[in-house]
Amino acid sequence: MASASVIHGWTVPPGVRWRAWEGEVVAFHPGSGDTHLLAPIAGALLEAVASGITSKEALLRHVAHHLDLPSDDALAAIVEEALATLVRRGLLSEDPL
Amino acid sequence: MNQNSPPTSADAPTPGEGRRSFLKRVAATTPILLTVAGRPAWATTCSISGMLSGNASQPGAEVQCQGLTPGYWRNHPEAWPTSFSPGTCKKRNHGGKCKKWRNDGTSFADGVFGDTDYDGKSMMRVLILGGNDDRYQLGAHAVAAVLNAARFSVQTFGYNVSEIQSMYALRYLSDPEGLKEDLQSLNERG
Amino acid sequence: MAAGDHLTPLLLQPERAPRLTLADWDIVVRQGRRAALLATLATRLDDRHLLKTVPERPRRHLQAAMAIAHRHAAAVAWEAGEIGRALAFGDVPFVLLKGAAYVAAHLPPAAGRLFSDIDILVEKGRLADAEQALLVHGWVTTHHDPYDQRYYRQWMHELPPLRHVRRQTVLDLHHALLPETARLHPDPAKVWAAAVAVEGGAGLRVLCPADMVLHSATHLFFDGELDHGLRDLVDLDALLRHFGNDPAFWPRLLDRADELGLGRPLHYALRYTTQRLATPVAAAVVRSAARAAPTPLAAPLMDALFSRALAPDHPTCATPLTPLARFLLYLRAHYLRMPLHLLLPHLLRKAWMRRHPERPPARPLNGELREE
Amino acid sequence: MKVADLPAGAVARRLRHGGLDLRLGPFIARIESPIPAVTEGITQLWAEAAVVERGFADFHVRLAPPAGLRRWFRPQVLFEFDGAAPFLPLPREQAFAFLEWGLNWCVANHAHQYLVIHAAAVERHGGVAILPAPPGSGKSTLCAGLIARGWRLLSDELTLVSLATGKVAPLPRPVSLKNESIEVIRRFAPDAVLSAPCHDTTKGNVAHMRPPATSTARDGEEAAAAWILFPRFRAGAPLELGERSRARTFMAVVENGFNYHVLGGDGFDAVATLVDRCGCFDLTYGDLTEAVATMDRLAQEQQ
């Protein structure tokens, strides 16, 4: 698919609320009304996007640094899945850069 | 909001835990640990009265919808509809309950859908899977939903077996989490 | 305290609010809640900065109603997206109807509107695909009784309501605006062809302005059971005021009513919105629509019935004749849906099932309806 | 004027004709009912509630026998909210309990100036402990035990967190006790006023404990939340007070929110603020005296 070559960035859509306590992140989506408790990596990603980090590479670096993990393919796969889930739940939106 | 909260115990490897095993542990959890579903303010639901610890129930609410959970089907192999087999037991505990199942029951591929990750496993074995092998508990809920559809009438469960099978086939790749939540809602009614 | 409709005058002239006593509010809040218009009233007061003039106790109820309406709007917008996602799976195009359309298209009736379901329209030929796609995504029928299923599928313009297993939201899937057996049967293909995309609405579509008004009028005067009659009239009023800003809208509306055979509902819509809600409609337009009025004999009766049924359905507004008026309009709505020889057995069965919900009639009340 | 100040017979008369307007915490309810059990419940258990002048009422409720033949052989009662019946009828014996549940429903469905949580709330030295819990967790027993030892009752069932002030508003109403709890409280607090237990087919025996007069007298006084504490009664269990993660406390409060889903983002913020300012604990107990002592200690430390 052509979309694979499009470079995406992420933003937190308006209306999404979130809070972090001791590294645990909860988030609310105003449309679905769902409230989520995020796993550490998903939580770190949401916080990072909200703080202005938007590209996949930068997010991967941020998570690796933040959680003190090697920035390798295994982590990249987890980050990718977490981003997809956050997008599906409306907690992040995927925007072409 | 505390965007810059320092990493703490919750999201860092525990002391003595290698990076690899931490990654493995993280990979075994889903990105979302827990969801409290929004009850759209306009949805018809009677849960409010239930929560108010009263006996009062609302008129016209809920037809007698029913479903049974994966746990039920795991512990009640005798209740399986005849068109599906849990297989034979390899090891029993003292109470006579089966602790370990042979992989000779109806396969997941036959009972639910042919082209999936659970290659070769029986429905019972998929019910028992956990953690990394069935991260969203999607397989377990799919098996339970198929068994529920076979056990109950369409009027009671809302779906027949082939409808559950196509629901699974059409969504397990694109929307595993949403699919699991829908199936779970079906299995946990009643 | 004099009985009567306290709500409509206040909706029309919110600036009267500061003159109301606590005892007045005691009635207004209840009538507003029953008519599903409390949030609409609150919004109108808020727009004019009058909310703060309302005494604290009733004001809390107005604000609470606004909070609910805000959530409804957000949830409906999200749900419309979920429906779109599900139907995209089956490649089934659809059009949002009624309240969901007002929200999606940011039309004035959306302000403060409450919801109990979402209505969508699909082409009749795609109905089975739509049903399948929705089923796969968790929408299950609410009517498990085979009689009901048959009744809907054979005679109605919509399927029995679907409910989402997880979110518990209700969806009405239409393939026409009115039943095929109905006295009026606007061609669904024409309505479908004229539907328009919502600006910035992520692929969502709604009826074109004239059809939206005609559908709302048809629903109120030819289909509904009028429990929210006043709310529906308030919708119509808001649509007419909004679209009517464009002078070209009025001739288009009249032509379209002719084309779809919906002159009578349009006549009622213009007659009662102008009479009861002072909707600004040019006299010539009202006259033109009145060509489709009922016979001079029937007209006073319809006025008498609608004047009662278009008040909030609350004991404080009821006159001794209100229950009769509502009952006659209920019969009329059914009569307009299908010929008597089909209707009577159906109503008998409905009455029976209300008394004996656990026990379907032992013998078929009428063989005709049981034919496949 | 309080219910207890009305002359004999006046409560029944007003309930029959035109309604009795009572102030219950922040709300005014206009109650109508021809049923003696309702009069009795109000006279006995709501004796301290304020009777107010006729004006605006938040909730217009009526408990009356449903129409139809059943009334002669299996008497029932219907709860009406402003003329509509949101629930199916219940056996007549449960009329007063139905009034309590019905009013809870009214509050949960309309009082969106508050975040309404399914939880008990009690206060000592200015700090409120919120006790959210599912039925069977010993929440009401602990709540009854605490108010019998001087804690102020804000509510047994509905905790009202004001969106405007962030504080908890009192709605002191009778505490409902089930089965063994009735005996436990009789022994623990012999002076407490309890209604005669009524038998209820689904829950066993239910009795109501009258809120202390001092709590009712202060039912206009909001107080700040200090703890969110999840009680769990296990027979014979040693007392255990464990800290609980804030994020998980947040999720549990959300789960127990009656109108969280109506409030949207405001609800999220309200729960977050609450969790921010509160100590969050799990409390497992097997002995009521011990549990009350632990709570007293928490309140002391806070002071």
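**Chain folds, domain contact and a strand pair in the predicted model**

From the N terminus on, the elements of chain B follow the order α-β-α-α-β-β-α-α-α-α-α-α, giving nine helices and three strands. Here helices (H or I, at least four residues) and strands (E, at least two) are DSSP runs, numbered from the N terminus. Residues are numbered from 1 along each chain as its sequence is written, while chains are lettered from A and ligands numbered from 1 in the order in which they are written. The model is predicted, and local features need pLDDT of at least 70, side-chain atom pairs count only at pLDDT 80 or more, and totals for chains, interfaces and linings use all residues.

Chain B has 190 residues, of which 37% are buried; a residue is buried if 20 or more other C-beta atoms lie within 10 Å of its own, exposed if 12 or fewer, and partly exposed in between, with C-beta atoms placed from the backbone. Among contacts in chain B between residues at least 6 apart in sequence, 51% join residues at least 24 apart. Two residues are in contact if their C-beta atoms, placed from the backbone, lie within 7 Å.

Turning to chain C, the mean pLDDT (the predictor's confidence in each residue, from 0 to 100) is 87, and 90% of the residues of chain C reach 70 or more. Over residues 358-372 of chain C, pLDDT stays under 50, and for this stretch the model has nine contacts beyond four places in sequence. The contact between chain C and chain A takes four residues from each. On the side of chain C that touches chain A, the residues divide into four nonpolar, no polar and no charged. In this scheme Ala, Val, Leu, Ile, Met, Phe, Trp, Tyr, Cys and Pro count as nonpolar, Asp, Glu, Lys and Arg as charged, and the others, Gly among them, as polar.

Chain D is divided into domain 1 (3-110) and domain 2 (114-302), with bounds that come from an automatic or database domain assignment. The C-alpha centres of these two domains of chain D lie 25 Å apart. Their contact takes 15 residues from domain 1 and 20 residues from domain 2. On the domain 1 side, α2 (36-45) and α4 (95-110) of chain D are the elements that give two or more residues, and α4(D) provides the largest share, five residues. By class, this side of domain 1 has seven nonpolar, five polar and three charged residues.

Within domain 1, Ser33(D) can be found in the loop between β2 (27-32) and α2 of chain D. Ser33(D) is buried, because 27 other C-beta atoms lie within 10 Å. Leaving out residues up to four places away in sequence, Ser33(D) touches Leu15(D), Val38(D), Arg62(D), Leu63(D) and Ala64(D). Pro65(D) is 32 residues from Ser33(D) in sequence and 9.1 Å away in space, C-alpha to C-alpha.

Next comes strand β8 (residues 127-132) of chain D, where five of the six residues are buried, so this strand is largely enclosed by the rest of the structure. Strand β7 (residues 114-124) of chain D runs antiparallel to β8(D), joined by six bridges; two strands pair if DSSP finds at least two bridges between them. Ala120(D) stands opposite Leu131(D) in β8(D). These two strands, β7(D) and β8(D), form a hairpin with two residues between them, and His125(D) in the turn has a positive phi of about 50 degrees. With strand β15 (residues 224-233) of chain D, β8(D) pairs in the parallel sense over four bridges, and Ala129(D) stands opposite Trp227(D) in β15(D).
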